[in-house]
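Student: I should like to examine how the descriptive terms applied to a protein model are justified. Please take me through the reasoning step by step.

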Amino acid sequence: MERNTDANTPDILVAGAGYVGLAAAVSLKQARPGLGIAVVDAAPAGVWQKDGRASAIAAAACRMLDQLGVWTEITSEAQAITEMIVTDSRTFDPVRPAFLTFDGEVAPGEPFAHMVANKVLNGALRRRAQELGIDIIEGMAVQGFETNGAGITVHLADGITLKTRLLVAADGVNSKLRDMAGIKTVKWEYGQSGIVCTVAHERPHNGRAEEHFLPAGPFATLPLKPDKDGTNRSSIVWVERTEDAQRLVDGDDLVFEHELEQRFGLKLGEIRVTDKPRAWPLGLTLARAFVAPRIALAGDAAHGIHPIAGQGLNLGFKDVAALAEVIVEADRLGQDIGALDVLERYQQWRRFDTVQMGVTTDVLNRLFSNDIAPLRAVRDIGLGLVERMPKLKAFFIRQASGLSGGTPRLLKGEAI
């Protein structure tokens, strides 16, 4: 089949050079080297290197990254989560009983998740994209596009026009491409913000992650790889009411550390914040459609969910794996990779799972982010029952690892 080789006529254009956009480009190019693929990103060059956050990467996503040839580079910087503890308490409760404990393996020697710094993940995917010959155009936004029967014409901010067969929108939860395509969303705000920071502590965490359900929202302690000098570190995802979160990150450092210590406790010895805490407003955003003629949404452009289950990044990787499998299969059969009937296979594969996860996180947040006594009693009884049912716990671990039914081949660690 004849391919477009000119730089201005790639077969596939990916908008967004975050980990979802880069993974999509790498997945497609690795499977179909003959496809011309380019990535365009509105963010200035090098901004990704300043991202101090870390993400929980589920076992299935780790398998995919290994299949894409980047996990070997990432693994030395990745911290395995070997245990997960869930508690339900108030900030000043003297005792925080562990209602639920998960062992961290989905298979012998395979943790259900790893913590990886965002810039490490992004850097590894960028290097792999460059190895495969994928063009990455940075600091350049998509200004508009027009579709026709044979393709889509994309206009960049510098006046350059690209002609492609498929535009993949991976430009985040506030996706401009989604709006340009006329795709509506279901959206509401939670009145909460997620505070993210890194803390150093005296004693090692031993790979243990903890999630405390507090009245204002969950407080998660996630283990990180020790620093180069051996300093023990953890990533904090702390959900508070938006006005309180903003007050905390904008206020005095001593007040912030005092409030943090009230929630973190002293189980790992003295703690100190090692970076500037930042807060992001939280909400639920679900695209009413994942595709339009010649356009496919992926990652946060298709769905933004509450971080209570730590599944936002992993949902994005599921999108990538499903989209790549659909497009590669269509290309092998000689079908038009941007045709709506091809893209609808991707939409059918991903929409139900995404809506289900969005509803689940919404219900969990409403159930646990309050101090209503009857609800506290019901949820604590429920957690206790799950703790006593090994098969149910194993089911939840498998769900969290991304290895549930209908898993795309890349997430199983298989080539497409």
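**Reasoning from values to terms**

Tutor: The accessible surface of the protein comes to about 18200 Å², and 53% of this area belongs to carbon and sulfur atoms. Please keep in mind that this is a predicted model.

Student: What makes the protein as compact as a globular protein of that length?

Tutor: The secondary structure comprises 11 helices and 23 strands. The radius of gyration is 22 Å, close to the 22 Å that the globule rule gives for 416 residues, so the protein is as compact as a globular protein of that length. Along its principal axes, the C-alpha trace spans about 70 × 45 × 40 Å. Of the 416 residues, 53% count as buried. Among contacts with a separation of 6 or more, 74% are accounted for by residues 24 or more positions apart.

Student: Why does Asn-206 count as exposed?

Tutor: The term exposed requires over 50% relative accessible area. Asn-206 has 63% relative accessibility, and therefore counts as exposed. Asn-206 lies in the loop between β15 (185–201) and β16 (208–214), and has a positive phi of about 55 degrees although it is not a glycine.

Student: Is Arg-294 buried or exposed, and how do you know?

Tutor: Buried means under 20% relative accessible area. The value for Arg-294 is 5%, so Arg-294 is buried. Arg-294 is also placed in a loop, the one between β21 (291–292) and β22 (295–297). Its phi is positive, at about 70 degrees, although Arg-294 is not a glycine.

Student: Why are Cys-62 and Cys-197 called buried?

Tutor: The cut-off is again under 20% relative accessible area. Cys-62 has 8% and is therefore buried; Cys-197, at 1% relative accessibility, therefore counts as buried. Cys-62 is one of the buried residues of helix α2 (residues 59–67), which also include Ala-59, Ala-60, Ala-61, Met-64 and Leu-65. Just after α2, Gly-69 takes a positive phi of about 85 degrees.

Student: How many disulfides does a search of the whole structure find?

Tutor: The search finds 0 disulfides. A disulfide is a pair of cysteine sulfur atoms within 2.5 Å, so a search that returns 0 has found no such pair.

Student: What makes Asn-365 a buried residue, and which residues does Asn-365 touch?

Tutor: At 4% relative accessibility, against a limit of under 20%, Asn-365 counts as buried. Asn-365 is found in helix α9 (residues 340–368). Not counting residues up to four places away in sequence, Asn-365 touches Tyr-190, Gln-192, Pro-218, His-306 and Ile-308. Touching here means heavy atoms within 4.5 Å. Asn-365 and Gly-217 are 148 residues apart in sequence, with a C-alpha to C-alpha distance of 7.2 Å.

Student: Which strands form the open sheet of 3 strands, and which are its edge strands?

Tutor: The order is β11-β12-β13, with antiparallel pairing. The edge strands are β11 (142–147) and β13 (161–164), each of which pairs on one side only. The twist averages 20 degrees from one strand to the next.

Student: How do you know that β11 and β12 pair?

Tutor: Two strands pair if DSSP finds at least two bridges between them. β11 and strand β12 (residues 152–156) have 5 bridges in the antiparallel sense, so the condition is met. Within this pair, Gly-144 stands opposite His-155 in β12. Strands of a sheet pair through backbone hydrogen bonds, either parallel or antiparallel.

Key:
Residues are numbered from 1 along each chain as its sequence is written. This is a predicted model: local features need pLDDT of at least 70, side-chain atom pairs count only at pLDDT 80 or more; totals for chains, interfaces and linings use all residues. Side-chain values use heavy atoms; hydrogens and water are left out. Helices (H or I, at least four residues) and strands (E, at least two) are DSSP runs, numbered from the N terminus. Axes are lines fitted to C-alpha atoms, for helices over the stretch in contact, and angles run from 0 to 180 degrees between N-to-C directions. The radius of gyration is taken over C-alpha atoms; the globule rule is 2.2 Å times the number of residues to the power 0.38. Buried means under 20% relative accessible area, exposed over 50%, partly exposed in between (1.4 Å probe, protein chains only). Accessible areas come from the Shrake-Rupley method with a 1.4 Å probe; for residues, only the protein chains shown count as cover.
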